[in-house]
Amino acid sequence: MLKEIVIKDFRSEKGVEHSDITLSYELAGPSLGSAPIVVVNHALTGNSSVTGEKGWWNKLISDEGGIPLSHYTIISFNIPGNGYDGRESTDPESFSLKDIASLFIKGIESLGITEVYCIIGASMGGSLTWQMAHLRPQLAKKIFPIACDYRASDWLLTQTLIQKQILANSSDPLRDARIHAMSCYRTPQSLNVRFNSTQEEQEQLYDVERWLLYHGDTLKKRFKLSAYKVMTHLTYSIAVCKTALELAQIHSDIHMVSIDSDLLFTHDRAVDTYNELSDIKNNITLDTINSIHGHDAFLMEYEQLNRIVKPYFPTL
Ligand SMILES: N[C@@H](CCO)C(=O)O
């Protein structure tokens, strides 16, 4: 069930005063205050429904998964403007990812929470995890930034510019932007192995084309254009700090997870961040998901993800 908190008098990084911002969120697992708290940050087209039958991360957050729902209280906020709570943004570029992190921290504090067990997120949700921990180094005992970066790489900025151009210039912007984005979320190998240049009889299009168009159409049905613009801008605005060394101020145990074939948040960047940080910080790990699928492996390779995460979520 969606709950709401109103954040009063918020000044954005752009310097705009917002008298009130409604933050919608969901709770799952044991009631608040009765178990360790896990904050889950959603990715580009995700939302606060992370667990249960329709939860987008229910294979990770469930008693069969890496984070047992019977032992951990889950809090997940919707990024304002993602449309899941029925609210639309009138200015998709009004907030940066740092603003969103500040809002989430204010939301957590307004629930009377001073410390959480873990903050976890993947993709933009992973960058948001870095950002929250950087703003409040003692808020979480552990953080899991997955398939993400603490700073938008030039490659990521290239992709977000292409996305923004499509959104501004296409006659079918959401569908076309999603089709392009799929080429960053998967890999050549993933598509080649899956489709093998096949084409059904009587069909004009190759199977891969029909699959891409299907993804474009599906997103159009469940997502608003303004929400996609908000999320694209937030991806562009990932800028926690200038160097990995500045992340050392984070007190939390840091458990990075990267995907070896990720074409969006590339693995080499995660390795560099880990190498720089582990020279000066002891409580940091980097695990790698081996996959041919690329970025979306954080939504596909659950055997590996659960195996990586599970040891850090004891049930004793
Ligand atoms: N498939 C993911 C990729 C971006 O993280 C999404 O749509 O959110």
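User: Why is Cys-148 called buried?
Analyst: Its relative accessible area is 11%. Buried means under 20% relative accessible area, exposed means over 50%, and partly exposed is what lies in between, with a 1.4 Å probe and protein chains only. The value of 11% is under the cut-off, so Cys-148 counts as buried. Before we go on, this is a predicted model, in which local features need pLDDT of at least 70 and side-chain atom pairs count only at pLDDT 80 or more, while totals for chains, interfaces and linings use all residues. Residues are numbered from 1 along each chain as its sequence is written, and side-chain values use heavy atoms, with hydrogens and water left out.

User: How many disulfides does the structure hold, and how do you know that for Cys-148?
Analyst: It holds zero disulfides. For Cys-148, the nearest cysteine sulfur belongs to Cys-241 and is 12 Å away. A disulfide here is a pair of cysteine sulfur atoms within 2.5 Å, so at 12 Å Cys-148 is in no disulfide.

User: And what about Cys-184, buried or exposed?
Analyst: Buried, because its relative accessibility is 6%. Cys-184 is in no disulfide either, since the nearest cysteine sulfur, that of Cys-148, is 16 Å away.

User: What makes Glu-64 exposed?
Analyst: Its relative accessibility is 68%, which is over the cut-off for exposed, so Glu-64 gets that label. You will find Glu-64 in the loop between β3 (37–41) and β4 (73–77); helices (H or I, at least four residues) and strands (E, at least two) are DSSP runs, numbered from the N terminus. Glu-64 is 246 residues from Lys-310 in sequence, with 10.0 Å between their C-alpha atoms.

User: Why is Ser-226 called buried, and which residues is it in contact with?
Analyst: A relative accessible area of 12% is under the limit, so Ser-226 is buried. This residue belongs to helix α7 (residues 225–236). Apart from neighbours within four places in sequence, Ser-226 touches Glu-88, Ser-89 and Pro-92, where contact means heavy atoms within 4.5 Å.

User: What makes an empty space a cavity and not a pocket?
Analyst: On a 1 Å grid over the protein atoms alone, a cavity is a set of points where a 1.4 Å probe fits but cannot get out; a pocket is an open set with protein on both sides within 12 Å along at least five of seven lines, and lining residues have an atom within 4 Å of a point. Points are joined across faces, edges and corners, and a volume is the space filled by probe spheres set on them. There is one cavity of 30 Å³ or more, with a volume of about 40 Å³. Its lining includes Trp-130, Cys-148 and Leu-286.

User: How is the lining of that largest cavity divided by class?
Analyst: Eight residues are nonpolar, one is polar and none is charged. Ala, Val, Leu, Ile, Met, Phe, Trp, Tyr, Cys and Pro count as nonpolar, Asp, Glu, Lys and Arg as charged, and the others, Gly among them, as polar.

User: Which helix gives the largest share of the lining of the largest pocket?
Analyst: That is α4, with six residues. The largest pocket has a volume of about 790 Å³, and its lining divides into 17 nonpolar, 16 polar and six charged residues.
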